[in-house]
Structures are given as structure tokens and as C-alpha cells.
Amino acid sequence: MGTLGEIDVEPAKLISESPDETEQMAAKFATLCRAGDVIGLQGTLGAGKTCFVKGMARGLGVKDVDEVTSPTFVLLKQHKGKKLTLHHFDAYRLEDARGMEEIGCDEIFHSRGVSVVEWANHVSSCLPPEHFLWTIRMAGGDRREFLLTACGKGPLERLKGIFDALVAWEE
Ligand SMILES: Nc1ncnc2c1ncn2[C@@H]1O[C@H](COP(=O)(O)OP(=O)(O)OP(=O)(O)O)[C@@H](O)[C@H]1O
Ligand SMILES: [Mg+2]
């Protein structure tokens, strides 16, 4: 996994035992995000995707984090952060990438902000070649397992540094 030339990064398994912990981990991750980053989230209903996005909003300095809710019906909500805008997509109701393309996801992905896509597995073909992907698994009670992988040279090169920054949540 994550092999590209000399870059070879083992995926790390990160653990959260509560919604608060998930938010803290996501906030830390967000501080390492850059303009134009695209982050996919996958995991079943109630896995904690929106909770993770809330944490990212916190990390990006969004003022009203409570405004961050699943944009299941509107597909996209945008929140102004301190430096970067958070573009929050929810592809739950989409069967393929067309709905994302119709709202101009390409332009948004390349804009000055960080894009996060809940249910990224529903619309994987619209994700740009370079992106991060978080897989969330429910592991009994409030325990959640988070696996982070990356696609493309840029994200792969940053993966090790990100894992180092998230070591507090390593299993
Ligand atoms: N460790 C945890 N991390 C995140 N959420 C947790 C955790 N433990 C319990 N929860 C609970 O699980 C639920 C996660 O809801 P959330 O809306 O974030 O999930 P989701 O994956 O976005 O669901 P949906 O697919 O419906 O959009 C919340 O009720 C939250 O309180
Ligand atoms: Mg959600």
C-alpha cells in the first residue's frame, strides 16, 4: 500500500474511543491540510464521518462548528475557516459521480480550500488523482478505527509526516 518509487508508507491504524477524540484527531489532521487538498471519507451510517468533518472545521478555524452537519440533501456546504474554506460534500444519495460533476466539484476541488467528501466510495471516479482517503470502521461501542491512505505523489510524500503528527491516536 502506498508504494510509489522510493515512497513506501505502511497504513497506520488510528483509534478513537469517543466523538471528542475523533474531533481532536481530525482537528490535528486539518492543521496539516493545504489549499486544494481533497479528502475522501468512507464508512457506514453513523461511523463518524460528520463528526470527523466537525473536527476538521475546528482545526481550520471555522467559527460556528455546530453549523457542520451532513449535507445529505444539499450535497455541499461551505464553511469559511481562518485561512482556508472547508468544502463539505455528502454523496450518500448519489449512485455515481454525475451529481458531483453537475455541481462543479472539479472547480471546487481546485479552489483555495480543503474539500472533504462523505461517502467518497459512491463517487470515487470524480476524485482527483491526488487525494487522501480515510476509512472508518465501527469497532464496538464508541470505539472507531481510522485508516488513512493516500493516492498520488504529493499526498503519499506527506503521509509519513501526517502519521507522525497523529501518533497519539495510534493503536
Ligand atoms: N469514537 C467516535 N467517533 C465518532 N462518533 C462517535 C464515536 N463514538 C460514538 N460516536 C457517535 O456516532 C455517531 C456518528 O455520527 P456521524 O453523523 O458523525 O456519522 P456519519 O458517519 O456522518 O453518518 P452518516 O452516514 O449518517 O452521515 C454520533 O452519534 C456520535 O456521537
Ligand atoms: Mg454524515
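This report walks through a predicted model, from its metal site to its strands, cores and a bent helix.

Some ground rules come with it: residues are numbered from 1 along each chain as its sequence is written, while chains are lettered from A and ligands numbered from 1 in the order in which they are written. Local features need pLDDT of at least 70, side-chain atom pairs count only at pLDDT 80 or more, and totals for chains, interfaces and linings use all residues, with side-chain values using heavy atoms and leaving out hydrogens and water.

**The magnesium ion**

Let's start with the metal. Thr 50 (OG1), Ser 70 (OG) and Glu 118 (OE) are the protein donors of the magnesium ion (ligand 2), lying 2.1 to 2.2 Å from it. Donors here are N, O and S atoms within 2.8 Å of the metal (3.2 Å for Na, K and Ca), and since water is not among the atoms, sites may look incomplete. Along the chain, the donors follow the spacing T-x19-S-x47-E. Thr 50 sits in helix 2 (residues 49–59) and Ser 70 in the loop between helix 2 and strand 5 (76–80), so this pair ties together parts that are 20 residues apart in sequence. Helices (H or I, at least four residues) and strands (E, at least two) are DSSP runs, numbered from the N terminus.

How covered are these spots? Buried means under 20% relative accessible area, exposed over 50%, and partly exposed in between (1.4 Å probe, protein chains only). Here are two of the donors, plus Thr 22, which lies in helix 1:

| Residue | Relative accessible area | Class |
|---|---|---|
| Thr 50 | 17% | buried |
| Ser 70 | 34% | partly exposed |
| Thr 22 | 3% | buried |

Leaving aside neighbours within four places in sequence, Thr 22 is in contact (heavy atoms within 4.5 Å) with Ser 16, Gly 48, Cys 51, Phe 52 and Phe 146.

**The strands**

Glu 118, a donor of the magnesium ion, is also one of the buried residues of strand 7. Both faces of that strand are covered: Gly 113, Ser 115 and Val 117 are on one side, with Val 114, Val 116 and Glu 118 on the other. In a regular strand the side chains alternate between the two faces of the sheet.

Two strands pair if DSSP finds at least two bridges between them. Strand 4 runs parallel to strand 7, joined by 4 bridges, and Gly 40 has Val 117 as its bridge partner there. Strand 6 (residues 85–90) also pairs with strand 7 in the parallel sense, over 6 bridges; Leu 86 is partnered with Val 114.

Strand 3 has 4 of its 5 residues buried, so it is largely enclosed by the rest of the structure. Strand 3 and strand 9 run antiparallel and share 5 bridges, with Ser 16 partnered by Arg 144.

**The cores and helix 5**

A nonpolar core is a set of buried Ala, Val, Leu, Ile, Met, Phe, Trp, Tyr and Cys residues joined through side-chain atoms within 4.5 Å. The largest one has 35 residues, and Phe 29, Ile 39, Phe 52, Met 56 and Trp 134 touch the most other members. Apart from it lies another core, of 18 residues, including Val 38 and Leu 94.

What are the buried residues of helix 5? They are Pro 155, Leu 156, Arg 158, Leu 159, Ile 162 and Phe 163. Helix 5 bends by about 35° at Leu 159, where the bend is the angle between axes fitted to the seven residues ending there and the seven starting there.
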